[in-house]
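Open the model in your viewer and keep the selection box handy. We will go from stop to stop, and at each one you will get something to select and something to look for.

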Amino acid sequence: MTFLKWGLKATLLIAIACFGWWKFIRDPLQTDFSYYHPEAFQITAEVDGKPIPNRIEFDDFVVIRFRCPIPPGMSQSDDFEADLCIVDPESYRDVSGITAHHQRFDKQPSMLVGHPSNFKNYAPPPPRRGENVLQFCSLLRGKGLENGKVGVPQEMHLWIHPTEKNPNGDYQRTKVGVWCYRHAFQFVDNSTMK
């Protein structure tokens, strides 16, 4: 009888502990949506001047351009870094990160693809001088992602990080980035139908 009471107490304690873990402790693999602040950087995103599609060909090179008005207290000459993260919206595991290049009229990154004898630069034109926008661009190709999957719902998240120059000349992120854009989509492979 003593063994039965001890067993019931142990079972009850385990159940309470599991409920407490589920109820009060945040799952470290779940995204904290309190970080999502689309109003901080009012991003518009486009591919060839159109909204990002919900279905993206797995093998295509897709140039995504992100733009927003310069937020108060910032200027076009400020330095920023941005990350475009592709995630599984159910678990937020298997994250693939891609650089989103900050474009300024005086600072144009290259997005070169191809053979050394025949490179193609996919970077869109930078903002014009005096244009009051922040602009970032990213080159997305599902086939090139570490965790790229066809026919699986995914989300893209854009994080923007203000940076500052250190005395040694390197740039470092000054604070936790702002998660300011999300878009649900999936990769498709139309080559199997051709």
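By class, how many nonpolar, polar and charged residues does the lining of the largest cavity have? Keep that question in mind while we make the selection. Remember along the way that this is a predicted model.

**Stop 1: the cavity**

Select Val87, Asp88, Arg93, Asp94, Asn147, Lys149, Val152, Pro153 and Gln154, the residues that line the largest cavity. Colour them by class and you have the reply: 3 are nonpolar, 2 are polar and 4 are charged. The space inside this largest cavity comes to about 50 Å³. With a threshold of 30 Å³ or more, the count for the model is 1 cavity.

**Stop 2: the whole chain**

Now zoom out and switch to a cartoon view. The protein chain has 1 helix and 12 strands. Follow the chain along its sequence and the helix comes up before the strands, in the pattern α-β-β-β-β-β-β-β-β-β-β-β-β. Of the 194 residues in the protein chain, 36% count as buried. Among contacts with a separation of 6 or more, 68% are between residues 24 or more positions apart. Keep those long-range contacts in mind for the next stop.

**Stop 3: the largest nonpolar core**

Select Ile64, Leu140 and Met156. The largest nonpolar core has 30 residues, and these three touch the most other members. Which strands supply at least two residues each? They are E1 (44–47), E4 (62–69), E5 (80–87), E6 (96–103), E9 (133–140), E10 (154–165) and E12 (178–188). The largest share, 5 residues, comes from E12. In soluble globular proteins, nonpolar side chains tend to be buried together.

Centre the view on Ile64, which lies in strand E4. Is Ile64 buried or exposed? Ile64 counts as buried because its relative accessibility is 0%. Next, draw a distance line from Ile64 to Leu140: the two are 76 residues apart in sequence, yet their C-alpha atoms are 7.4 Å apart in space. Leaving aside neighbours within four places in sequence, Ile64 is in contact with Ala45, Glu46, Val47, Ile52, Leu84, Phe136, Cys137, Ser138, Leu140 and Met156.

Move on to Met156. Not counting residues up to four places away in sequence, Met156 touches Ile52, Ile56, Ile64, Leu84, Cys85, Ile86, Leu140, Tyr181, Arg182, His183 and Phe185. Apart from the largest core lies another core of 6 residues; to find it, select members including Val63, Tyr122, Ala123 and Leu139.

**Stop 4: the largest pocket**

Select Glu46, Val47, Asp48, Gly49, Val62, Val63, Ile64, Arg65, Pro124 and Pro125, which line the largest pocket. You have already met Ile64 in strand E4. About 180 Å³ of space lies in this pocket. E1 and E4 each supply at least two residues of the lining, and the largest share, 4 residues, comes from E4. By class, the lining has 6 nonpolar, 1 polar and 3 charged residues.

Stay here and pick out Asp48, in the loop between E1 and strand E2 (50–51). What is its phi? Asp48 has a positive phi of about 55 degrees although it is not a glycine. Most residues other than glycine have a negative phi. With a relative accessible area of 73%, Asp48 is exposed.

**Stop 5: a pair of cysteines**

Select Cys68 and Cys180 and show their sulfur atoms. How many disulfides are counted in this model? The count comes to 0. For Cys68, the nearest cysteine sulfur is that of Cys180, 7.0 Å away, and Cys68 is in no disulfide. A disulfide needs the two sulfur atoms within 2.5 Å, so this pair does not qualify. Cys68 counts as buried at 3% relative accessibility, and Cys180 counts as buried at 2%.

**Stop 6: a loop residue**

For the last stop, select Val150, in the loop between E9 and E10. Its relative accessibility is 40%, so Val150 counts as partly exposed. Add Phe58 to the selection: Val150 and Phe58 are 92 residues apart along the chain, and their C-alpha atoms are separated by 6.8 Å. Leaving aside neighbours within four places in sequence, Val150 is in contact with Phe58, Phe187, Val188 and Asp189.

How values were computed. Residues are numbered from 1 along each chain as its sequence is written. This is a predicted model: local features need pLDDT of at least 70, side-chain atom pairs count only at pLDDT 80 or more; totals for chains, interfaces and linings use all residues. Side-chain values use heavy atoms; hydrogens and water are left out. A nonpolar core is a set of buried Ala, Val, Leu, Ile, Met, Phe, Trp, Tyr and Cys residues joined through side-chain atoms within 4.5 Å. Buried means under 20% relative accessible area, exposed over 50%, partly exposed in between (1.4 Å probe, protein chains only). Contact means heavy atoms within 4.5 Å. On a 1 Å grid over the protein atoms alone, a cavity is a set of points where a 1.4 Å probe fits but cannot get out, and a pocket is an open set with protein on both sides within 12 Å along at least five of seven lines; lining residues have an atom within 4 Å of a point. Grid points are joined across faces, edges and corners, and a volume is the space filled by probe spheres set on the points. Ala, Val, Leu, Ile, Met, Phe, Trp, Tyr, Cys and Pro count as nonpolar, Asp, Glu, Lys and Arg as charged, and the others, Gly among them, as polar.
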